Amino acid sequence: MNARNTETDRQRNAAALRIWENEGGASGRDFANRQYGRRVEADRSWTVYHVFSGIPAHEDGVAMTGLSRSDATRSMLSLNQRNAERRRARVAAPPIVPHERVAGQS
């Protein structure tokens, strides 16, 4: 392996790592709770987006675009935390049991 290939590989790996970190990094056991990521745009502003659709997230009717990196990170974590809390509440809710039919009724 020559030095030129090694440097190219390092650059490629560094770029992949930046993209991975941009999208929220390792999710660990929280994978199902991660619905929002952040990305840097061409104008160097940041956007919080829905990871499955790529559409910018909205909060109080305002698109989460044109943010600083710290604001995007804070907003992304907040949205993901809210979703995790909703999921926990849904899991903790008692199951809906259909009414049993009384004999003779159809």
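**Reading a predicted fold**

Q: Where is the place of Asp 60, and between which strands is its loop?

A: Helices and strands are DSSP runs (H or I over at least four residues for a helix, E over at least two for a strand), numbered from the N terminus. On that reading, Asp 60 sits in the loop between strand 3 and strand 4, the latter covering residues 62–63. This is a predicted model, in which local features need pLDDT of at least 70 and side-chain atom pairs count only at pLDDT 80 or more, whereas totals for chains, interfaces and linings use all residues. Residues are numbered from 1 along each chain as its sequence is written, and side-chain values use heavy atoms, with hydrogens and water left out.

Q: What is the phi of Asp 60, and is the residue buried or exposed?

A: Most residues other than glycine have a negative phi. Asp 60 has a positive value, near 55°. Relative accessible area is judged with a 1.4 Å probe on protein chains only: under 20% is buried, over 50% is exposed, and partly exposed lies in between. With 78%, Asp 60 is exposed. Arg 44, which is not a glycine either, has a positive phi of about 70°; Arg 44 belongs to the loop between strand 1 and strand 2 and, at 71% relative accessibility, is exposed.

Q: In which sense do strand 1 and strand 2 pair, and over how many bridges?

A: Two strands are said to pair if DSSP finds at least two bridges between them. Strand 1 and strand 2 pair in the antiparallel sense, over five bridges, and they form a hairpin with five residues between them, the turn being where Arg 44 is found. One of the bridges joins Tyr 36 to His 50 of strand 2.

Q: How many of the residues of strand 2 are buried?

A: Four of its five residues are buried, so strand 2 is largely enclosed by the rest of the structure. Thr 47, which lies in this strand of residues 46–50, is buried at 2% relative accessibility. Contact here means heavy atoms within 4.5 Å; leaving out residues up to four places away in sequence, Thr 47 touches eight named partners, including Gly 37, Arg 39, Pro 56 and Gly 66. A polar contact is a pair of N or O atoms within 3.5 Å, where within protein one atom must be able to donate a hydrogen and the other to accept it, and residues adjacent in sequence count only if both atoms are side-chain atoms. The side chains of Thr 47 and Glu 41 make such a contact at 2.8 Å, and another, of 2.5 Å, joins the side chains of Arg 38 and Thr 73. Arg 38 lies in strand 1 and is buried at 8% relative accessibility.

Q: Which residues make up the largest nonpolar core?

A: A nonpolar core is a set of buried Ala, Val, Leu, Ile, Met, Phe, Trp, Tyr and Cys residues joined through side-chain atoms within 4.5 Å. The largest nonpolar core holds eight residues: Tyr 36, Trp 46, Val 48, Ala 57, Met 64, Ala 72, Met 76 and Leu 79. Strand 2 and helix 2 (69–92) are the elements that give two or more residues to this core, and helix 2 gives the most, with three. The buried residues of helix 2 include Asn 80, Asn 83 and Arg 87, and what covers the buried residues includes strand 1 and strand 2.

Q: What should the 24 residues of helix 2 span?

A: The expected span of a helix is 1.5 Å times one less than its number of residues. For helix 2 this is 34 Å, and the end C-alpha atoms are 35 Å apart, which agrees.

Q: How many salt bridges does the structure hold?

A: A salt bridge is a side-chain nitrogen of Lys or Arg within 4 Å of a carboxyl oxygen of Asp or Glu; the structure holds three. Glu 59 and Arg 82 meet at 2.3 Å, N to O, and since Glu 59 lies in strand 3 (residues 58–59) and Arg 82 in helix 2, the pair ties together parts that are 23 residues apart in sequence. Asp 71 forms a salt bridge with Arg 74 at 2.8 Å; both lie in helix 2, three residues apart, about one turn of the helix. Glu 41 and Arg 39 meet at 2.9 Å, N to O. Glu 41 is partly exposed at 28% relative accessibility, as is Arg 39 at 24%, whereas Arg 74 is exposed at 53%.
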